[in-house]
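Work through these exercises with the structure open. Each task is followed by a stepwise solution.

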Amino acid sequence: FLHPHIRVFLSIAPRICILGPPASGKTTVAMWLCKHLDAIRISQETLLFKETLPLTKEAKAYKERKQKIPNALWANLIQERLSNVDCIKQGWILEGFPENQEQAWMLQSSGIIPVHVVVLYAPDTVLIERNSGKRLDPVTEEVFHTTFDWPRDPWVQQRLVKPEDTSEQEISKKLLEYHRSFPGLFQTYQKILKSINADQPCMDVVSQALTYVQTRHRSAAPFTPRILFCGPPGSGKRLQAALIAEKYGIVNICCGQLLKEAVAEKTKLGELVKAYFDDDRPVPDNLVVKIVAKRLNTLDCVTNGWVLCGFPRDIEQGEQLQRAGIIPN
């Protein structure tokens, strides 16, 4: 029931992680990539001081007590932010996340899987030297350096501040922690990871990072799968959908199960469905389409792809789903 003349233009929003030791230039690279790709930059600073997410207050409390913010809390904060419509449409660049393998696994289990991971590296001696001259523009959040990258604008020069924790002892401690965590991160992302030497002119680093994140990985799947299973009752749609979902790591959506979950979770749409369930009447198409479309637009489905069975069952339902922007490929 897809009209043959409808053409769907698929564009892949960037999903990028910029990793590396302290003072390797993650912020600078992330900001430049965001300018080029029109993506949303997410960092510890933006999550804690620029967002008003429900979990922000809890994370800030740890920071104020000078306690380490738990991995699970970071993962939940990131998931919450990336599920916002701007990140889904424009794509995102995670700066300095994940910091360790546990965070990476937590993000993956939430459906947050980067397409490209850029890892900056440089000798510790270079990073320690860089760190001592690091200066921050509190207005633009850009990072400058007293020796390598001093701004020309005298107004910018005047407002630059020295970041906290720039002592040699502090940076050495953070470098040690990074070197301990990195092997686990490398293991998790090795197939999509590109290492770039940060001990070279800033624009060369940015240029190499931009070239890499604009490449597409070779894959058997040319796009994010959006699969529809049709067939008469008893033909095995649900079983095949479950096997496909398991094999390729995509989200399995069964329409009947989805309606039951909406009722069980007592959502507004679920309350409307319940009234039809209680009276043993069929749920109207427009209501089913709303529930299905809402589920298929969530972060895990957009990121990993989906397989849908049990709906639509006729041309009218198919056309309604298409009008809602849900078009299988």
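**Exercise 1: Two domains**

In this predicted model, the centres of domain 1 and domain 2, taken over C-alpha atoms, are separated by 38 Å. Task: state which residues each domain spans, and how many residues each gives to the contact.

Solution.
- Step 1. Take the bounds from the domain assignment: domain 1 is 15-214 and domain 2 is 226-324.
- Step 2. Count the contact residues: domain 1 supplies eight and domain 2 supplies six.

**Exercise 2: The interface**

Task: find the area buried between domain 1 and domain 2, then list the salt bridges and polar contacts between them, if any.

Solution.
- Step 1. Interface size is often quoted as the accessible area lost when the parts come together.
- Step 2. Here about 550 Å² is buried between the two domains, and carbon and sulfur atoms give 67% of that area.
- Step 3. On the domain 1 side, Arg15, Ile88 and Gly111 lose the most area to domain 2; together they make up 62% of what that side buries.
- Step 4. Search for salt bridges between the domains: the count is zero.
- Step 5. Search for residue pairs in polar contact, both at pLDDT 80 or more: the count is again zero.
- Step 6. Sort the domain 1 residues that touch domain 2: four are nonpolar, three polar and one charged.

**Exercise 3: Met203**

Task: place Met203 in its helix and classify its exposure.

Solution.
- Step 1. Met203 lies in helix H10, residues 202-213.
- Step 2. Its relative accessible area is 40%. Partly exposed runs between 20% and 50%, so Met203 is partly exposed.
- Step 3. Check a distant partner in sequence: Val29 is 174 residues away along the chain, yet the C-alpha atoms of Met203 and Val29 are 8.8 Å apart.

Technical notes:
Residues numbered from 1 in each chain as written. Predicted model: local features only at pLDDT ≥ 70, side-chain atom pairs only at ≥ 80, totals over all residues. Heavy atoms only, no water. Domains from an automatic or database assignment. Contact = heavy atoms within 4.5 Å. Buried area = accessible area lost by both parts, 1.4 Å probe. Salt bridge = Lys/Arg side-chain N within 4 Å of Asp/Glu carboxyl O. Polar contact = N/O pair within 3.5 Å; in protein donor to acceptor, adjacent residues only side chain to side chain. Nonpolar A, V, L, I, M, F, W, Y, C, P; charged D, E, K, R; others polar. Helix = DSSP H or I, 4+ residues; strand = E, 2+ residues; numbered from the N terminus. Buried < 20%, exposed > 50% of the residue type's maximum accessible area, 1.4 Å probe, protein only.
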